[in-house]
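Reader: I am new to this structure and would like a close look at a single part of it. Please take one sheet and describe what surrounds it.

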Amino acid sequence: QAGEMRAESALFLESPIEMYRRVFLQVRPHSAPPEVEVHFKRYANANSRIKLADGRLVVEISDLLERSPIPVQEALANILISKLYRRIPDRRHTSLYRRYLNLSDVRRVLEAVKQERGRKQVRDPKGSHYNLSEIFEALNFDHFHGLMARPNLGWSLRTAHGTLGHYDPSHNTIVLSSLLDSPDAPEQAVRYVMFHEMLHVRYPTDFRAGRRCVHTPEFKAAEQKFPEYLAARDALKQFIESSGRRRTGSK
């Protein structure tokens with residue numbers, strides 16, 4: 001697949017600006033084509049951004065994608081412009097783009113650049129109400145025989161409501177949302193989120209047939225061994241709902 005992409009790209013002489021103008025007209029056939037700017041930025045990952053203001057379409061793409069095959073760049077153009085107008089991108093484009101990012105050689109480059117350019121900024125693991133280091137060590141002893149090497153730990157800089165925790169393998173860091181560092185957050189729920197992220201250390205993301213599998217069957221089976229698994233999930237759900245009501249001022 002990668003070889004076919006590169007072969008096609010060698011025959012494609014269209015500039016990025018011409019491509020985005022053409023794709024824009026495919027997505028919005030009855031609109032006047034805007035002025036287009038395409039900039040390749042030195043990002044720490046494969047992120048891309050797009051905005052339309054004052055009749056000008058501005059696209060900012062990670063420089064890691066600058067030499068990607070033309071079909072991949074065209075797929076990204078379709079994805080970005082579709083999302084700009086809140087449309088669901090064509091599955092063919094999202095599939096092609098994801099397959100490219102999941103190629104083993106591309107993943108290696110992305111991980112290496114993320115380590116080189118990126119900085120993981122987190123708060124001290126000893127929070128106002130919970131100490132992530134203590135929680136990690138207790139879970140490590142209870143569920144991993146104390147054999148899991150402790151990654152970097154920290155609370156998020158922002159009080160994230162959508163993502164309560166994540167493991168960043170590039171920086172070997174587990175981050176929990178500062179939302180959980182609260183007297184209202186049940187300890188059982190905080191321990192469960194930490195346990196979930198520790199399982200990401202134990203069971204890394206699997207790539208099968210070009211597809212990215214974050215929660216493998218082994219991961220899911222291990223997660224259900226958490227003490228009072230369902231009760232912990234319920235406690236976490238209730239805390240999120242109550243914190244959302246407090247944030248919006250509703251009852």
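Author: What follows describes one sheet, the helices that pack on it, and a helix contact beside it.

The model is predicted. The protein has nine helices and eight strands, and buried residues make up 42% of its 251 residues. Among the contacts in the protein with a separation of 6 or more, 54% are between residues 24 or more positions apart.

The sheet chosen here is open and has three strands in the order 1-3-2, with mixed pairing. Its edge strands are strand 1, residues 35-41, and strand 2, residues 48-53, and each of these pairs on one side only. Direction ignored, neighbouring strands of the sheet are turned by 15° against each other on average. Strands of a sheet pair through backbone hydrogen bonds, and the pairing is either parallel or antiparallel. Strand 2 and strand 3, the latter covering residues 56-62, run antiparallel and are joined by six bridges. One point to look for in the picture is Ile50, whose bridge partner in strand 3 is Val59.

Two helices can now be placed against these strands. Helix 2, residues 16-27, packs on the sheet and touches strand 1 and strand 3. The direction of helix 2 makes about 125° with that of strand 1. Helix 3 also packs on the sheet, where it touches strand 1, strand 2 and strand 3. The direction of helix 3 makes about 50° with that of strand 2.

Helix 3 has a further partner in helix 4. Helix 3 spans residues 70-84 and helix 4 spans residues 91-101; their axes come within 8 Å and cross at roughly 130°. Because of that angle, helix 3 is oblique to helix 4. The crossing of helix 3 past helix 4 is left-handed. On the helix 3 side, the contact is made by Pro71, Val72, Ala75, Leu76, Asn78 and Ile79. Helix 4 contributes His93, Thr94, Leu96, Tyr97 and Tyr100. Of the residues in this contact, eight are nonpolar, three are polar and none is charged.

To trace this part in the picture, start from the strand order 1-3-2. Then find helix 3, which touches strand 1, strand 2 and strand 3, and follow helix 3 to its left-handed crossing with helix 4.

Methods. Residues are numbered from 1 along each chain as its sequence is written. This is a predicted model: local features need pLDDT of at least 70, side-chain atom pairs count only at pLDDT 80 or more; totals for chains, interfaces and linings use all residues. Side-chain values use heavy atoms; hydrogens and water are left out. Axes are lines fitted to C-alpha atoms, for helices over the stretch in contact, and angles run from 0 to 180 degrees between N-to-C directions. Helices (H or I, at least four residues) and strands (E, at least two) are DSSP runs, numbered from the N terminus. Angles under 35 degrees count as roughly parallel, over 145 as roughly antiparallel, 65 to 115 as roughly perpendicular and the rest as oblique. A crossing is left-handed if the near helix is turned anticlockwise from the far one by less than a right angle, and right-handed if clockwise. Contact means heavy atoms within 4.5 Å. Ala, Val, Leu, Ile, Met, Phe, Trp, Tyr, Cys and Pro count as nonpolar, Asp, Glu, Lys and Arg as charged, and the others, Gly among them, as polar. Buried means under 20% relative accessible area, exposed over 50%, partly exposed in between (1.4 Å probe, protein chains only). Two strands pair if DSSP finds at least two bridges between them.
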